[in-house]
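Open the model in your viewer and keep the sequence panel beside it. The tour below says what to select at each stop and what is there.

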Amino acid sequence: MRNLLIVIIMLAISQTYAEMPPSIPQHSADKQQRERNRLRLWQQATHHQAMHTTATAPDAGEDKKRRRQHSLWLLNRGIIPGDSGLGWALLSPDELLRETGSPKLLATLEKVIDTLQAQIGLPYRWGGQTPNQGFDCSGLVWFAFRNYVNWPLPRTASTLFSDRRMRAVAPGRLRRGDLLFFTIHRQTAPDHVGVYLGNHQFIEAPRTGLAIRISQLDAPFWQQHFAGARRVLTEWTLRDQLGDKASQ
């Protein structure tokens, strides 16, 4: 009986050991825990970095808005975005001489263009006609041409357009220095004027909030509102004494 009891106890002990999982050395368990901790920390760091990048990355809409505002800032100052210069180049003296047929007229046109170019970026100011004041559209024309014509220039776009001392010019025969007129707010008479620079471009004082700039005559807006052109500078309209000085 005693022997049977011993056998039963031994069998029970054997069964218990058989059901127990094999023991894991302590150092191995610690290593596995360290690996799990390292993985968790790496995942947390990656998630934090992704969240930070998303938070600091520029919003696509805001970035587009900033680029547009920068482009408008350049355009308002007569600079075409992506261009390294003012967006237009003066014709060489030989080409301009062929346009005018007169060295005296050429010299005067160069002075007028220089005067206009120096005003790029100045603010529009209704009634303004000097660099200190700013300019409205006809004030810019008056300031650039006032010393080079032999009669007092009218001071508004509509009176400039109707002045019979200036010759009407067909769009296909425009020359640098010609005045371009537009009907924007009124249909009965032009209410805006600019000066043609060649290559389908003109300089203008556009409106309140904008600066003197160079615009594209062949843009749909200007084509829709174009009212005509006038030639203010000819050999017959030049003021003689200043014309002679300019040609020296």
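Select R231 and D178 to begin this tour of a predicted model. Both R231 and D178 are buried. Their side chains form a salt bridge, with 2.9 Å from N to O. R231 belongs to strand β8 (residues 226-231) and D178 to the loop between β3 (167-169) and β4, so this pair ties together parts that are 53 residues apart in sequence. Side chains of opposite charge can pair when their charged atoms come close.

How many salt bridges does a search of the whole structure find? The search finds 4.

**Two further salt bridges**

Select E204 and R213. These two form a salt bridge whose closest N and O atoms are 3.0 Å apart. E204 is buried, with a relative accessible area of 0%. R213 has a relative accessible area of 18% and is buried because the cut-off is under 20%.

Now select R155 and D136. Here the closest N and O atoms of the salt bridge are 3.2 Å apart. R155 sits in the loop between α6 and α7, and D136 in the loop between β2 (134-135) and α6, so the pair ties together parts that are 19 residues apart in sequence. Is each partner buried or partly exposed? R155 is partly exposed at 23% relative accessible area, while D136 is buried at 7%.

**The second largest pocket**

Keep R155 and D136 selected and add W126, G127, C137, S138, T156, A157, S158, R186, P190 and D191; together these residues line the second largest pocket. Its volume is about 190 Å³. Which elements give two or more residues to the lining? They are α6 and α7. By type, the lining residues divide into 4 nonpolar, 4 polar and 4 charged.

Within the lining, pick out T156. T156 lies in the loop between α6 and α7 and is partly exposed, with a relative accessible area of 37%. Draw a distance from the C-alpha atom of T156 to that of P190: the viewer should show 9.4 Å, for residues 34 apart along the chain.

**Helix α6 and the largest core**

Select α6 (137-145). This helix is mostly covered, with 8 of its 9 residues buried. The buried ones are C137, S138, G139, L140, V141, F143, A144 and F145.

Next, look at the largest nonpolar core, which has 34 residues. Those with the most contacts inside the core are L116, F145, L160, L179, V193, V232 and L233. At least two residues each come from α5 (103-117), α6, α7 (157-162), β4 (179-182) and β5 (192-198). Which element gives the most to this core? α6 does, with 6 residues.

Centre the view on L160. What is L160 in contact with, leaving aside its neighbours within four places in sequence? The list is S138, V141, L153, P154, M166, L179, F181 and V193.

A second, separate core has 9 residues. Select L174, Y196, F202 and A229, which are among them.

**Two residues with positive phi**

Go to the loop between β5 and β6 (201-204) and select N199. Its phi is near 55°, a positive value in a residue other than glycine. N199 is exposed, with a relative accessible area of 59%. Then select H200, which is found in the loop between β5 and β6. Phi of H200 is near 65°, also positive in a residue other than glycine. H200 is partly exposed, at 43% relative accessible area. As background, most residues other than glycine have a negative phi.

**Ends of a long stretch of chain**

Select S102, in the loop between α4 (93-100) and α5. S102 is buried, with a relative accessible area of 2%. Add T234: 132 residues separate S102 and T234 along the chain, and their C-alpha atoms are 9.1 Å apart.

**The whole protein**

Zoom out for the last stop. The protein has 9 helices and 8 strands. Of its 248 residues, 35% are buried. Among contacts with a separation of 6 or more, 56% are between residues 24 or more positions apart.

Conventions
Residues are numbered from 1 along each chain as its sequence is written. This is a predicted model: local features need pLDDT of at least 70, side-chain atom pairs count only at pLDDT 80 or more; totals for chains, interfaces and linings use all residues. Side-chain values use heavy atoms; hydrogens and water are left out. A nonpolar core is a set of buried Ala, Val, Leu, Ile, Met, Phe, Trp, Tyr and Cys residues joined through side-chain atoms within 4.5 Å. Buried means under 20% relative accessible area, exposed over 50%, partly exposed in between (1.4 Å probe, protein chains only). Helices (H or I, at least four residues) and strands (E, at least two) are DSSP runs, numbered from the N terminus. Contact means heavy atoms within 4.5 Å. On a 1 Å grid over the protein atoms alone, a cavity is a set of points where a 1.4 Å probe fits but cannot get out, and a pocket is an open set with protein on both sides within 12 Å along at least five of seven lines; lining residues have an atom within 4 Å of a point. Grid points are joined across faces, edges and corners, and a volume is the space filled by probe spheres set on the points. Ala, Val, Leu, Ile, Met, Phe, Trp, Tyr, Cys and Pro count as nonpolar, Asp, Glu, Lys and Arg as charged, and the others, Gly among them, as polar.
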